[in-house]
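Student: I have a new model open and want to learn how to read it. Where do we start?

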Amino acid sequence: MSVRTGLVVATALAAAVALAVPAAAAPAGGVRIGHSATREAMDAAVRDGVPGVTAQAKDAHGVWRATSGVGDLRTGTPRSTEDHYRVASITKTFVATVMLQLETDGELSLDDTVEKWLPGVVRGHGHDGRKVKLRQLLNHTSGIFNVTEDKTYVERYSTKDGFFKHRYDTLTPDDLVGYAMKNEPDFTPGTSWNYSNTNYVLAGMVIEKVTGHWFGDEIDARIIKPLGLGATSVPRTDPTMPRPSSRAYSKLARTTTGPTYDVTEWNPTLAYGGGNMISDSADLSRFYTELVRGSLLPKKQQKELMTTVDTGDADRRYGLGLTDVKLSCGVHVWGHGGDTKGTLAVALTTADGRHSLAFNFNGDWSGDSDAVIEAEFCGK
C-alpha cells in the first residue's frame, strides 16, 4: 500500500524521446518483439530474487507483452502475460478519480474539510478533521498518521506470526482509522508531505458518505465498466485471486534473507481504499492512458488531478493520487506504484498517453522496479 513510482506533463521533446524506444517490426496480431532493455531489466529482477515478472508496454509501434521467472515456486509454472495481481496503492488513483468526478457533479468540494463529511472521525493525539481538507487527503499533505506504520497493525498484519493468524480478519474502515488515531500526526495539515494510507481510507469513507454506496461500487460504475476493464475488480472480503494469476511471495520480515512464504490470500479489508484492488497489466495501461488524456474528467478537475506538490524528492512530485516522475533521460511519466504483501505493481504513461508500461513482481523483497521503468522509457 505504499508508493513506489509514478509520473507530469511532458514537453513535446520529452514525449518524442519516450516514443523513440527501439522496436522490431510488429508481427501478426499487433504484438511485437523487442524491448531488449526492458526484457533484460525484468530478467535482472528475477536474478535478484523476484520469483517472476509480467509486463505490458504500448507505444506507437504496438503492444509488447513479456514475462520472466515463475508464478509458482512449488510447480515452476511460468508467469502469464494475462495474470491478475493485487495492485496495492494503484487503487489510490481510482479513488482520487472518483472524488474528482463527485466534485464535477457538485456533490462535494475538495476544499471541504474532512470533518464536514466524517464528523468526529479524525480525532485523537492531535489529529483534527476540522483542519484537514479533502484535497490534502488526496495529495498526502494532511499530516495524518499512516495506519500501516502503526505498531499494532504491523504486528498483526505484516509479521509472520501475525499475518498467518490474522490475514482473514475483516476490518472496517473505522478500525483502520482507529489504528492511525492512536498516533500523533506527522505535521500540521498543509505544511509538508508524507505518504499515508489513512488518507485514502478516509477518502473511501467520504465517497460512501456522499453517495450512499460502497466506494468500490462507485469505482466500478464510474471507471471499470465505462472503460471496459474486464480484469479489474474491487473485492470486498474475498481473499482469493481470480484466474489466471500467480502466487505471491514475501519474507514477512525487513530482511531479504530467510524463509519465503506464500502470502497470496488475505482479506482485502486490511487495505480498503488504500490498496485493495486487483487488475492486470492491460487494464492498468488502458486506465492510465485514458486518465492522462482527460477522458475521465473535465478540464478543471483534470488540472487539479495533475497539480503536484513537493515530496522531498526532486525527481518525484505528487498530484491527486497520481505521481509525476522525471526519469534520467528527461522524460516525464505519470502513474502510480503499489506494494503490499507479496506484490509490487507499477503502471505509468507519458503525458500524451502514447507510451505506457504496466508490470508486476510477485515478490516484495527484491528487484529494481525503477530499472524496468528506465529501460522502457529511456532504453537503459
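Tutor: Start with contact: it means heavy atoms within 4.5 Å. Keep in mind that this is a predicted model.

Student: Which residues is Phe287 in contact with, leaving aside its neighbours within four places in sequence?

Tutor: Thr93, Phe94 and Thr97 are on the list. So are Ile223, Leu227, Leu229 and Leu296.

Student: How many residues has the largest nonpolar core?

Tutor: A nonpolar core joins buried residues through side-chain atoms within 4.5 Å. Here the largest one has 76 residues. Phe287 is among those with the most contacts inside it, along with Phe94, Leu108, Leu134 and Ile219. Helix α9 (residues 197-211) supplies the largest share, eight residues. Another core, of 24 residues, lies apart from it. Trp64, Ala66, Leu327 and Leu357 are among its members.

Student: Now the strands. In what order do the eight strands of the open sheet run?

Tutor: Two strands pair if there are at least two bridges between them. The order here is β2-β1-β14-β13-β12-β11-β10-β9, with antiparallel pairing.

Student: Why is one side of β2 and of β9 left without a neighbour in the sheet?

Tutor: β2 (62-69) and β9 (309-313) stand at the edges, and each has a single partner strand, so one side has no neighbour in the sheet. From one strand to the next, the twist averages 20 degrees.

Student: How many bridges join β1 and β2?

Tutor: Eight, in the antiparallel sense; β1 covers residues 52-59. Asp59 has Gly62 in β2 as its bridge partner.

Student: Which strands does helix α2 touch?

Tutor: Helix α2 (residues 36-47) packs on the sheet and touches β1, β2 and β14 (356-361). Its direction makes about 20 degrees with that of β2.

Conventions:
Residues numbered from 1 in each chain as written. Predicted model: local features only at pLDDT ≥ 70, side-chain atom pairs only at ≥ 80, totals over all residues. Heavy atoms only, no water. Helix = DSSP H or I, 4+ residues; strand = E, 2+ residues; numbered from the N terminus. Axes fitted to C-alpha atoms, helices over the stretch in contact; angles between N-to-C directions. Buried < 20%, exposed > 50% of the residue type's maximum accessible area, 1.4 Å probe, protein only.
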